[in-house]
Amino acid sequence: MKGIIATIILLTGSVVTAFLLPHLKTPIILALSYGLAALGISVLMRAGQVSFGHAMYVCLAAYSVAFIAKAYPGIDGLVLIVCGVAISTIAGAIIGIFVSKYREIFFGMLNLAISMVLFAVIGKYYNITGGSDGMMISRPSFIGFELERDGFETLLLITTTVSILLVTYFIERFFNSPAGKFLCAIKTNETRLEYIGVSARFVFWKGYVISSSLCGLAGAIFALVQGLVTPEMGYWLKSGELVFISLLGGVAHSFGAIIGAMAFEFLKMYAAILMTDYWHMILGSTLILIIYFAPGGISGWLKNKKYI
Amino acid sequence: MSDLLKTTNLNLSFGSIVVADNIDFSLKEGERLAVIGQNGAGKTTFINICTGLIRPDSGNIYFADEDITKKSARAIVKMGMVRSFQLPQVYSEHTVRECIELSLAARDNKTSLFKSLSSCVDQKEVYEVLTSIQLLDRSDVLAGSLPEGHKKLLDIAMALVLRPRLLIMDEPTSGVSSQEKHEIMRILMGVLDKYKVTSIFVEHDIDIVSQYATRVAAWISGAIAADGAPDMVLNDPVIQEQVLGQSFSRTEPNMNTVKLVKGVS
Amino acid sequence: MNSGILTLALLDGVSYAGMLFIVSLGLTFIFGVTNILNVAHGSLYACGGYATASIGLWLMGNDGGIINSIFSIIAGTLLVGVIVGLILEYLLRFFEKKPPILQLIITFAFFMILEDVQRLIWGTSPYFVSTIVGEMGNVEVLGVFYTNYQLIVLPGAAVIIYFILNWFLKHSLLGKKIVAVTHNKEVAVGMGVDAKKIKKITFIIGGLLGAFGGALASPTTSMVPGISADIIVLSFAVVATAGLGQVTGALIAALIIGIFRSLSIYLYPELEVVIPYVIMGTVLLFKPQGLFTVEKARRI
Ligand SMILES: Nc1ncnc2c1ncn2[C@@H]1O[C@H](COP(=O)(O)OP(=O)(O)O)[C@@H](O)[C@H]1O
Ligand SMILES: [Mg+2]
């Protein structure tokens, strides 16, 4: 419960900030959608697994949005989001059938490999995907409203905020449900799971599908707010960033991924201005420091202190 | 009555070590079989083969007249043959209560993504189970932090609540002090009787074997060297020499102290 | 398809496989001994390549020649392999008790740091010094002209390293100690093996192999930013196809992936990047532990 309250405070803070400082509106929406994707990574981390390729679902949803928007001009933004999520969920369900058999290093690297294939394919088929230049998405109507850039972003911010509230609520329920607890058992004792008659693979598959739809949601929002999708969104570096956010925020509560994303986005924004050349270095060093000093991330720390 | 568990011509070797040497074995409903044998005799391997963890090189396994040789561990569990482990297998980052609840949820096919685990299972049953293994006061402790003996009980409980037809326990009382062994067996056998569960248990303590088993099978180098009523097997000179150790004798004065089979580390 | 192209593709494949094997060997070796999948291995390759090219350029200022090229390969390998290998080993000491996947993330973090280090030192323009390839000349094989460097040096180096490593592990005292730690660390330590030292040596050997792969590749491949990521994924594909920790397996897997990759470059260029993953995926689909993994001892 405390966690949900913390999430609400965080989201209210973000929305208020976005209204007071309009130039931060876009970064805040981007950060929040990053948080959704990182939450997807956190779901897998509960099972002790790390994927190094989940940006592919972000990318896939973003490209789906771009394609559909191009094919059906005039389609509503909300419909685009739903389509993006649906497509990445279906992709996750199919890829999941294959990767749910693998654990740890194999799991992480297989996801990486699949995402590299997607990245390469998008880059290669220039005439369909626009290659490395990506695809533009002209601003659609949203929930029936034809809006200017600012109004559109406000509506998108509200949609994102509401989605996060719903998603954190459902994910927390999931973590406490039998399926969620089975998922955590994969981390500690898969053999035992099989010996009480539970298919660890199926349990993990469900977690994988959930994670891919969260990443899809993030990607769809991302595409709309940026108005541009590029293959970079699915590059391994992006997947690495998602893992980073998830570790930074910690998996003790779904709130962690959101606050982790906020911290990350603003760190990035200022690092990008002050020292572009050292960005990866900062990222890498911070990652090492977090794992050393605060293995539970922000939410783990807050939970220890009984704040959430 | 037909056999509950039956194996025919089971063979398995790891490289040059033969761990299952043409094992023909059968178990009837209602039996309580103790398996004895030195370390490395192949007892655990036999259990692993029967429960689908490893496949035999040749031979067949039948459970309730169905061929389960090629079935997965999970499918075998669903058919009613469950096990506990020599090294207790619990979910170290779940609480004791959750460990039990997860088994109950698995038994009743509760796989909701939304309802909480504790509301999916019958809390009265959870309470009863925790009470019977005397872990009620530790129910919110992480299973991984329990002492070995308690882990073992929890491991067995996680198997037992599945309401199996056959429960196989691999050294349920090892790692437990000798006074506690009898206590544990008493509790266990009470529950097994109550739910009419047929059972196999691997045991090194001869007192326990003679007190609780209705039948004893002795393993020597991957083969069953003797199989029958406890008195008969335990008094067999070959078994006494090769399995129980030469010094062992049923009439020794210190009979009530724990006598471990030689070779146990 | 004419036979000339086929020959060319095969030769390319074998020579690429030689380089790939050397790099993958480093990856699989470190994994086999320490259970750590070193993502920064790709950076070792890149740094090794960059360093060799830099040293080469610096030397060529005076005089080209094979000797200088060979010297730059050796110097680049040693410099990068030892220094980066040791830094990585030192870094990982702080995380010894963490689960393998977190240790992997540490190597990933180190990899990100090295990406920027590379950019700071070498910039973003490609590095490419092919003097040695020209100096060594061409040879005619089945009707096609092929460089001696790619035909002999790359596969030759791979084969020599394969035999040296096998000999080292089987017959030298140090090698035997490494094998002992691989099989059972506790027992090996009990018998007086200094596990810390073994780990250090393992990282140096692994680092040298990674850097050597890059050094050997530098005359035929230009070093550009992002190459570390390509190589780590490619060598992981080799290692996973073979089975983690398998030396002979890695040789065979590198050959398979190398040859199929270059066939696709000639026949279906758009499939090039996908081929290694398709091979890995297909193998893992049927043998989740890789082609050559022997079953692990059970833990329950
Ligand atoms: N996976 C395995 N690989 C190789 N040898 C094994 C494996 N599992 C068991 N063994 C060997 O098989 C023999 C029987 O072991 P086990 O069944 O555990 O004996 P017990 O349970 O009677 O003590 C032992 O010698 C053991 O070392
Ligand atoms: Mg045993």
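In this predicted model, chain A and chain C bury about 3700 Å² between them, and carbon and sulfur atoms give 83% of that area. The figure is a convenient place to start, as the size of an interface is often given as the accessible area lost when the parts come together. To this contact chain A brings 37 residues and chain C brings 40 residues.

The polar side of the interface can be described briefly. Zero salt bridges are found by the rule across the interface of chain A and chain C. Polar contact, on the other hand, is found for five residue pairs across this interface, with both residues at pLDDT 80 or more. On the side of chain A that touches chain C, at least two residues each are supplied by helix H5 (104–124), helix H11 (236–249) and helix H13 (279–293) of chain A. Of these, H5(A) provides the largest share, with 11 residues. Sorted by class, the side of chain A that touches chain C holds 27 nonpolar residues, together with six polar and four charged ones.

Attention now turns to chain B and its strand E9 (residues 215–220). This strand is mostly covered, with six of its six residues buried. The burial applies to both faces of E9(B): one side carries B:Arg215, B:Ala217 and B:Trp219, the other carries B:Val216, B:Ala218 and B:Ile220, and all are buried.

E9(B) also has strand partners. Strand E3 (residues 32–37) of chain B runs parallel to E9(B), and five bridges join the two. Within this pairing, B:Gly37 has B:Trp219 of E9(B) as its bridge partner; B:Trp219 is also one of the buried residues listed above. With strand E10 (residues 223–228) of chain B, the arrangement is antiparallel, and E9(B) is again joined by five bridges. Here B:Asp227 in E10(B) stands opposite B:Ala217. The two strands E9(B) and E10(B) form a hairpin that leaves two residues between them, and in the turn B:Ser221 has a positive phi of about 40°.

A last look goes to a single residue of chain A. A:Thr159 lies in helix H7 (residues 149–176) of chain A. Its relative accessibility is 17%, and A:Thr159 therefore counts as buried, the cut-off for that class being under 20%. Once neighbours within four places in sequence are left aside, A:Thr159 is in contact with A:Leu78 and A:Phe142.

Key: Residues are numbered from 1 along each chain as its sequence is written. Chains are lettered from A and ligands numbered from 1 in the order in which they are written. This is a predicted model: local features need pLDDT of at least 70, side-chain atom pairs count only at pLDDT 80 or more; totals for chains, interfaces and linings use all residues. Side-chain values use heavy atoms; hydrogens and water are left out. Contact means heavy atoms within 4.5 Å. Buried area is the accessible area (1.4 Å probe) that two parts lose on being put together, summed over both. A salt bridge is a side-chain nitrogen of Lys or Arg within 4 Å of a carboxyl oxygen of Asp or Glu. A polar contact is a pair of N or O atoms within 3.5 Å; within protein, one must be able to donate a hydrogen and the other to accept it, and residues adjacent in sequence count only if both atoms are side-chain atoms. Helices (H or I, at least four residues) and strands (E, at least two) are DSSP runs, numbered from the N terminus. Ala, Val, Leu, Ile, Met, Phe, Trp, Tyr, Cys and Pro count as nonpolar, Asp, Glu, Lys and Arg as charged, and the others, Gly among them, as polar. Buried means under 20% relative accessible area, exposed over 50%, partly exposed in between (1.4 Å probe, protein chains only). Two strands pair if DSSP finds at least two bridges between them.
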